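Work through the exercises below with the sequence and the 3D view side by side. Try each task before you read its solution.

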Amino acid sequence: MKASERSCEQCGDAFEFSAGEQRFYAKREFPPPKRCPGCRDAHKKARQAAPGEAAWDAEEGFPATCSACGASTLLPFEPETGRPVYCGDCFRYR
Ligand SMILES: [Zn+2]
Ligand SMILES: [Zn+2]
């Protein structure tokens with residue numbers, strides 16, 4: 001895999017989606033980022049500032065219930081029936 005150039009949906013800037021990031025996203029089944037790192041950061045901070053919201057670095061989320069702790073969370077992909085899903089905290093410590 002090699003780095004690919006994407007353009008940010010929010011500010012229109014071109015940014016690099018590196019090979020390492022592509023592997024990271026593919027492994028976690030995240031959709032490719034639509035925003036540049038700067039806009040993603042701002043988006044993440046805005047989300048973290050909102051109380052009770054999962055601190056996912058996801059563009060959109062699908063509401064789901066964590067299989068480990070039962071907390072409601074947002075997933076970056078549509079949860080499949082019969083497949084365990086994890087909230088941000090449980091996912092990190094898996
Ligand atoms: Zn941007
Ligand atoms: Zn959890």
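**Exercise 1.** Find the residue in β4 that is the bridge partner of A64. Then describe how the two strands run and which face of β4 is covered.

*Solution.* Remember that this is a predicted model.
Step 1: look across from A64 to β4, and you reach T73, its bridge partner.
Step 2: widen the view to the strands. β3 covers residues 62-65, and β4 covers residues 72-75. They run antiparallel, joined by four bridges.
Step 3: sort the residues of β4 by face. T73 and L75 lie on the covered face. S72 and L74 lie on the uncovered one.
Step 4: check the turn. Six residues sit between the strands of this hairpin, and G70 takes a positive phi near 80°.

**Exercise 2.** Which residue is the bridge partner of S7 in β2? Describe the hairpin around this pair.

*Solution.*
Step 1: the partner of S7 is A14.
Step 2: place the strands. β1 spans residues 4-7 and β2 spans residues 14-17. Four bridges pair them in the antiparallel sense.
Step 3: inspect the link. The hairpin of β1 and β2 has six residues between its strands. There, G12 has a positive phi near 85°.

**Exercise 3.** How many of the nine residues of helix α1 are buried? Look also at what comes just after the helix.

*Solution.*
Step 1: locate α1 at residues 19-27.
Step 2: count its buried residues. The count is zero, so the helix is hardly covered, given that a buried residue needs 20 or more other C-beta atoms within 10 Å of its own.
Step 3: move on along the chain. Just after α1, E29 takes a positive phi of about 60°.

**Exercise 4.** Why does D89 count as partly exposed? Find its helix and its distance from C66.

*Solution.*
Step 1: D89 belongs to helix α3, residues 88-92.
Step 2: count neighbours. D89 has 15 C-beta neighbours inside 10 Å. Buried takes 20 or more, and exposed takes 12 or fewer. D89 is therefore partly exposed.
Step 3: compare sequence and space. D89 and C66 are 23 residues apart in sequence, and their C-alpha atoms are 9.7 Å apart.

**Exercise 5.** What pattern does the protein chain follow along the sequence? Add the share of buried residues and of contacts between residues at least 24 apart.

*Solution.*
Step 1: count three helices and four strands.
Step 2: read them in order: β-β-α-α-β-β-α.
Step 3: of the 94 residues, 7% count as buried.
Step 4: take contacts between residues at least 6 apart in sequence. Of these, 22% join residues at least 24 apart.

Key: Residues numbered from 1 in each chain as written. Chains lettered and ligands numbered in written order. Predicted model: local features only at pLDDT ≥ 70, side-chain atom pairs only at ≥ 80, totals over all residues. Pairing = 2+ DSSP bridges. Contact = placed C-beta atoms within 7 Å.
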